[in-house]
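Biologist: Could you take me through one part of this protein up close? I would like to see how a single helix sits among its neighbours.

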Amino acid sequence: MSNHLPNEARVIPLRPHGARPAVAPPRQAPPAPAAKEPLWRDLVGDVLRRERLAQERTLKDVADEARISMPYLSEVERGRKEASSEVLAAAAHALGLNLGDLLTRAQGELTRLTSRYAGGNRRGAAGSSHDGMCLAA
C-alpha cells in the first residue's frame with residue numbers, strides 16, 4: 001500500500017535535481033518567403049487586356065461582341081474572376097483570336113514569369129525535353 005494520502009499528488013521531476021536546463025539555440029531570421037507564382041486567371045486576364053488595348057478597343061465593344069457583360073469582362077481582365085472556357089473563347093474570338101491563341105500567350109507569360117522565380121530551374125522539369133501545358137477541367 002502507498003504512504004500517500006488520497007488527495008496528495010506525487011511530483012516526478014523531468015530532469016535530475018541540480019541539472020541545468022538546456023539553452024535554446026539562438027533564433028535565426030525566418031527564410032525569405034518564396035516568390036508567389038502568378039495565378040492562371042491573372043495571366044489570361046492580362047493577355048485579354050493587352051490585346052484589347054493593342055487593338056484600341058473599348059471594354060464595352062469587346063464585351064458586346066463576345067456577348068458577355070462589360071462588368072464581367074472587366075473582372076476577368078483584372079484576374080478577379082475565374083472565367084469558364086466558353087467565356088474565354090468568346091472574349092478571344094471577339095478579339096480575333098481563338099482559344100488556343102489566348103492560352104498559348106498566357107502559357108508563354110507563365111513560362112517567362114516562373115523561370116524568373118525559379119531561376120530557370122522548374123521543379124520536375126530536370127531531364128525532361130517536354131515544354132508544354134496541360135489543362136484539365
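**A close look at helix H2**

Modeller: Happy to! Among contacts between residues at least 6 apart in sequence, 64% join residues that are at least 24 apart. Please keep in mind that this is a predicted model. From the N terminus on, its elements run α-α-α-α-α, which comes to five helices and zero strands. Of the 137 residues in the protein, 25% are buried.

Now to H2, which spans residues 59-66 and has Leu59, Val62, Ala63 and Ala66 buried. Looking down the axis of H2, you would find its buried residues within an arc of 100°, so they line one face of the helix. What covers them includes helix H1 (40-54), helix H3 (70-77) and helix H4 (85-94). Just after H2 comes Arg67, with a positive phi near 60°.

Two of the helices that cover H2, namely H1 and H3, also pack against each other, at an angle of about 115° and with their axes 7 Å apart. On the H1 side of this contact are Arg41, Gly45, Asp46, Leu48, Arg49 and Arg52, and they meet Ser74, Val76 and Glu77 in H3. Sorted by class, the contact of H1 with H3 has five charged, two polar and two nonpolar residues.

As for the outside of the protein, its accessible surface comes to about 10,800 Å², and carbon and sulfur atoms account for 54% of that.

Terms used:
Residues are numbered from 1 along each chain as its sequence is written. This is a predicted model: local features need pLDDT of at least 70, side-chain atom pairs count only at pLDDT 80 or more; totals for chains, interfaces and linings use all residues. Side-chain values use heavy atoms; hydrogens and water are left out. Buried means under 20% relative accessible area, exposed over 50%, partly exposed in between (1.4 Å probe, protein chains only). Helices (H or I, at least four residues) and strands (E, at least two) are DSSP runs, numbered from the N terminus. The arc is that of the directions from the helix axis to the C-beta atoms. Contact means heavy atoms within 4.5 Å. Accessible areas come from the Shrake-Rupley method with a 1.4 Å probe; for residues, only the protein chains shown count as cover. Axes are lines fitted to C-alpha atoms, for helices over the stretch in contact, and angles run from 0 to 180 degrees between N-to-C directions. Ala, Val, Leu, Ile, Met, Phe, Trp, Tyr, Cys and Pro count as nonpolar, Asp, Glu, Lys and Arg as charged, and the others, Gly among them, as polar.
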